[in-house]
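I opened my notebook to look a few things up in this structure, one entry at a time. Follow along with the 3D view if you like.

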Amino acid sequence: MSITAIRGMRDIYGPEMRQWHRAESIFRDVADAFAYEEFRTPILESTDLFKRGVGEETDIVGKEMYTFDDRGGDSVTMRPEMTAPIVRACIEHSLLHHSPTLRLWYGGPQFRYDRPQKGRYRQFHQFGAECIGSPHPEADIEIILLAHETLRRFGVSKFQLEINSLGTSDVRLRYRQALVEFLTAHESALSEDSRRRMHANPLRVLDSKEESDRRIAAGAPRLEDFFDEASSDHFRAVRTLLDVAGIPYVVNPHLVRGLDYYNHTVFEFTTDALGSQNAIGGGGRYDPLFAMLGGGEVPAVGFSIGIERLLLLWEAEHGQMATAEPHGIYIIGIGDDARIPVQLIMLRLRRAGHHVVSDIQRRSVKAQMKDANRAAVAYTVMIGESEIKTSTVVLKNMVTGEQQTIAQSEIERVVSQHE
Ligand code: HAM
């Protein structure tokens, strides 16, 4: 039986790869515009990092992690997200000793053993950014604007920004108690999942997709009613800054996010275009996380975007994947005597930095021309018996169809002029 990729893990190739490159380069540019520096962490981390950082009661840690013992007997986990690893690295390398603010971005594969479907994979990829060291709403807004600018530049618009505030950690704790009391009174009408979550992670019941849970959630105590002054002030300031920036948003009081480390602002970019996997990206403030990992009191806020979902949204809005712009040069050799001249011309053009390709199957001229068309090159350079004798080539502009005979020594100059 032939071997296939593991369920929920995809190969990325062909025209889709161009979209990945475009997404990667846009995110790199946006992160640079916001003065964020790239940070790379290992794919494997110690399992405790996520148990402590993401929370034992969350879906991610409870049932989705790729965890195994390595050959030395240590429990290791393939990262399901990047925030805990980044915080681990900041603490490990004392990065905040050198600067009160760290602005970091990252991109790469994440692993969650979730039920695969469109937009949900077991290996997926995220871009993200973390703004570490500031407790102020300006940091929240910087992160939301960075995420928003990425979506804007990528060319998607069918999304909305949902925001909410979980208040200070104190508020969240008091609210949690009240919520558990309320849910206990309605326990028999809750879905099985929510009954299970009710004590371990009661806030998640609020964003359940089950109709029965939604009806009960609608009558649940409101987090906002538990806010102290610090919680209200912070949330108001974030909303004012969003208004000032002209970024539309809706306040969703049921948005709680699935990870334990959040307080104050949480947000998600959601879309109706992708069925049930409606979150393209999300994040929030996570002031408790440094302390949860033994790093003292360090406020921070961040987000991650799912790259696969970003690409699916682009496709839903624009149709199939973007076609490539004509690019590069195809060298067509006519006859056996052309083989060496073709190699020499290619060498020169490649050294001059051009994208150059030729046939390596010794095919007919007609087949080479077909191949050049398929390769969507900007130019073909044709060389046969008479061109070899006169040290010339026939250069064809594949966009305009214009054709001219030029000296071989002129190719770089002519091609550069037009490219
Ligand atoms: P998250 O909401 O778990 O947050 O994931 C962020 C994004 O990753 C989601 O909105 C979605 O686009 C994508 N994603 C998650 N799971 C899958 C999957 N199975 N298949 C495809 N895409 C997926 C975090 O990971 C936090 N670390 C975000 C953050 C950064 N908070 C603060 N800083």
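**Entry: His264 and strand S9**

I started at His264, which has its place in strand S9. The model I am reading is a predicted one. I looked up the backbone angle of His264 and found phi near 45 degrees, a positive value in a residue other than glycine. Is His264 buried or exposed? Its relative accessibility is 8%, and buried means under 20%, so His264 counts as buried.

I stayed in strand S9 and went on to Thr270, which is found there as well. Thr270 has a relative accessible area of 5% and is therefore buried. I then checked its distance to Leu161, which is 109 residues away along the chain. The C-alpha atoms of Thr270 and Leu161 are separated by 6.5 Å.

**Entry: the loop before S9**

Next I looked at the loop between S8 and S9, where I found Asp260. The relative accessibility of Asp260 is 26%, so I noted it as partly exposed. I paired Asp260 with Ala372, 112 residues apart from it in sequence. From C-alpha to C-alpha, Asp260 and Ala372 are 54 Å apart in space. I like to keep this pair beside Thr270 and Leu161, whose C-alpha atoms are 6.5 Å apart.

**Entry: another positive phi**

I also looked up Ala35, in the loop between helix H1 (15-33) and strand S1 (37-38). Phi of Ala35 is near 65 degrees, again a positive value in a residue that is not glycine. Ala35 has a relative accessible area of 53%; exposed means over 50%, so Ala35 is exposed.

**Entry: salt bridges**

How many salt bridges does the count come to? I wrote down 25 salt bridges, and I picked out a few to look at.

I began with Arg88 and Glu92, whose side chains meet in a salt bridge at 2.9 Å, N to O. Both residues lie in helix H4 (residues 83-92), four residues apart, which is about one turn of the helix.

Then I turned to Arg257, which forms a salt bridge with Glu268; the closest N and O atoms are 2.8 Å apart. What does this pair tie together? Arg257 lies in the loop between strand S8 (250-251) and strand S9 (263-270), while Glu268 is in strand S9, so the pair ties together parts that are eleven residues apart in sequence. Arg257 counts as buried because its relative accessibility is 13%. Glu268 counts as buried too, at 15% relative accessibility.

My last pick was Asp359 with Arg363, whose side chains meet in a salt bridge of 2.9 Å, N to O. Asp359 is buried at 14% relative accessibility, whereas Arg363, at 33%, is partly exposed. Salt bridges that share partners join these two with Asp371 and Arg374 into one network.

**Entry: around the ligand**

Which residues are closest to the ligand? I counted 26 residues surrounding it, and the closest are Glu81, Glu130, Arg257, Tyr262 and Ile280. I had already met Arg257 as the salt-bridge partner of Glu268.

I sorted the shell by residue type and got ten nonpolar, ten polar and six charged residues.

I then wrote down some atom distances. A nitrogen atom of the ligand is 2.9 Å from an N or O atom in the side chain of Glu130. A polar side-chain atom of Gln126 lies 3.1 Å from an oxygen atom of the ligand. With Gly281 a polar backbone atom is involved, 3.3 Å from an oxygen atom of the ligand.

How much of the ligand does the protein bury? Taken alone, the ligand exposes 660 Å², and the protein buries 96% of that.

I listed the elements that give two or more residues to this shell: strand S6 (123-132), strand S10 (279-285) and strand S11 (300-306). S10 gives the most, with six residues.

**Entry: a patch on the surface**

To finish, I looked for a nonpolar surface patch and found one of about 310 Å², made by Ile340, Leu344 and Leu347. I looked up Leu347 in particular, which is found in helix H13 (residues 339-351). Leu347 counts as partly exposed because its relative accessibility is 43%.

How values were computed. Residues are numbered from 1 along each chain as its sequence is written. This is a predicted model: local features need pLDDT of at least 70, side-chain atom pairs count only at pLDDT 80 or more; totals for chains, interfaces and linings use all residues. Side-chain values use heavy atoms; hydrogens and water are left out. A residue is near a molecule or strand if one of its heavy atoms lies within 4 Å of it. A polar contact is a pair of N or O atoms within 3.5 Å; within protein, one must be able to donate a hydrogen and the other to accept it, and residues adjacent in sequence count only if both atoms are side-chain atoms. Accessible areas come from the Shrake-Rupley method with a 1.4 Å probe; for residues, only the protein chains shown count as cover. Ala, Val, Leu, Ile, Met, Phe, Trp, Tyr, Cys and Pro count as nonpolar, Asp, Glu, Lys and Arg as charged, and the others, Gly among them, as polar. Patches are made of residues with over 30% relative accessible area and no salt bridge: like charges are joined within 9 Å, nonpolar side chains (Val, Leu, Ile, Met, Phe, Trp, Tyr) within 5 Å. A salt bridge is a side-chain nitrogen of Lys or Arg within 4 Å of a carboxyl oxygen of Asp or Glu. Buried means under 20% relative accessible area, exposed over 50%, partly exposed in between (1.4 Å probe, protein chains only).
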